[in-house]
Amino acid sequence: MSRGLLLSTLAIQLLALIVSSACSSQSACSSQSACSSQSTCDGISPTELEPSILSRCGNEPEKIKPKVFIISLYSSEGEAWYGIPEFDVLARNVTVPGFFPLFPDAHCTSDGTVCQLTTGEAEINAALTINSLLHFPDFDLTTTYFLIAGVAGVNPKLATIGSVTYARFAVQVALQYEFDAREKPGYSPTGYIPQGCKVPWQYPSELYGTEVYEVNDALRKLAVTFASKASLDDSGASQERRSHYAITTTYAAGAAPPSIVECDTATSDNFWSGNLLGEAFENTTVLFTHGAGVYCTSQQEDNAVLAALLRGALRGAVDFARIIIQRAASDFDRPPEGESAPENLFGPSPGYPVSLENTYRAGVKVIKGILNGWEQTFKLGVPAPNPIGDVFRSLDKTSVRLGSATQAVLE
């Protein structure tokens, strides 16, 4: 036998021995007992094995199943949750395809109990990020509570800067016909007119389905109870700013100290300022909610987030009854007497840092309340006393309005 042939034969025999040894090791992991999450195979835990081996062992990677998912909308809101003493959401970072490029990761505590993401600002970014989350297979969100936790403009008739609000309704107020105010119809006090109508006081005859979302009012009231235990931040600059609203009786709430308030939120990609638009969208909120909604905060994302979550609820991926809309007031949506709308928008905003701090202070009380009451109250869900979902009542029509995702898990 030639030297080359001999070496080739020995190489083949050695390879066969290696393959045989590897197959033997995998065989030792073939039983369910050997492949349990606590076992190892040659010192390697199942979570470190290749997916093909895990599949043969009948042991798929465990999904992250948060009890609470914090939804922030831009960087400063997200950073309010980093480095806090209650929990560390940066302990576990998961890159999710489809997230906004500046915020590509979902962040979670080491055990996955609490997670947080940042959508990117305005409606398109918010909807795409949440939709990407709902289609990412590493998460099980069927029993997760979602806390939308952002800052917002505030109506001084209802609250002041630094206050933290909890909404039952989110209204897409700018989804209307629009005229430049210099060319609006003479009979209309505003350039906004509901779609399909010719006057601003008629309910829209053309609906897209995203105009109004209604969330679980019983859950909202529990959130308010928890948040009311927080000691809210304030500042001398904020106190000075809100003192300008004290001269107008209808703005008494705007002149008062920060508090926890139940009132509703308006969504628009446009960042507006002024009495005329503020009053127009107050009326839109009343009109679109059939008199039940009270506008107090303005923001750019909530209807988009809720639209994506509703689509997820329709296919059983989430429970729409487990959503809390929290907005902390950073600035006033209209000026005090003697000040112009541009001065209000472009001037100092001392309520902004206070609102970020109170996003955390109130929000963490809500999260702790859910976690501490998980077994007694929140695991099975909080029944909604009100109809929840969109203007089409899509959840009612598909028989998944309340707790459907929870029921699917429990059954």
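1. What covers the buried residues of α6? In this predicted model, the cover includes α7 (252-255), β14, α10 (341-346) and α11 (351-372). The residues concerned, in a helix that runs over residues 236-243, are Ser 238, Arg 241 and Arg 242. They lie on the same side of α6, because the arc they cover around the axis is only 90°. This agrees with the general geometry of an α-helix, which has 3.6 residues a turn, so residues three or four places apart point the same way.

2. Turning to the pockets, the largest encloses about 310 Å³ of space, and its lining is made up of 20 residues, with Val 151, Ala 152, Phe 271, Ser 298 and Gln 300 lying nearest the centre. By class, the lining of this largest pocket holds eight nonpolar, six polar and six charged residues.

3. As for where that lining comes from, β5 (145-154), β13 (295-299) and β14 (323-332) each contribute at least two residues to the largest pocket, and β14 gives the most, with four. Strand β14 therefore appears in two places in this note, since the cover of the buried α6 residues includes β14 and the lining of the largest pocket draws on β14 as well, with strands taken as DSSP runs.

4. The second largest pocket has a volume of about 260 Å³, and among the 15 residues that line it, Phe 179, Asp 180, Ala 181, Gly 191 and Leu 277 are the closest to its centre. Helix α8, spanning residues 275-288, gives the most to this lining, with four residues, while the lining of the second largest pocket divides into seven nonpolar, five polar and three charged residues.

Note on methods:
Residues are numbered from 1 along each chain as its sequence is written. This is a predicted model: local features need pLDDT of at least 70, side-chain atom pairs count only at pLDDT 80 or more; totals for chains, interfaces and linings use all residues. Side-chain values use heavy atoms; hydrogens and water are left out. On a 1 Å grid over the protein atoms alone, a cavity is a set of points where a 1.4 Å probe fits but cannot get out, and a pocket is an open set with protein on both sides within 12 Å along at least five of seven lines; lining residues have an atom within 4 Å of a point. Grid points are joined across faces, edges and corners, and a volume is the space filled by probe spheres set on the points. Ala, Val, Leu, Ile, Met, Phe, Trp, Tyr, Cys and Pro count as nonpolar, Asp, Glu, Lys and Arg as charged, and the others, Gly among them, as polar. Buried means under 20% relative accessible area, exposed over 50%, partly exposed in between (1.4 Å probe, protein chains only). The arc is that of the directions from the helix axis to the C-beta atoms. Contact means heavy atoms within 4.5 Å.
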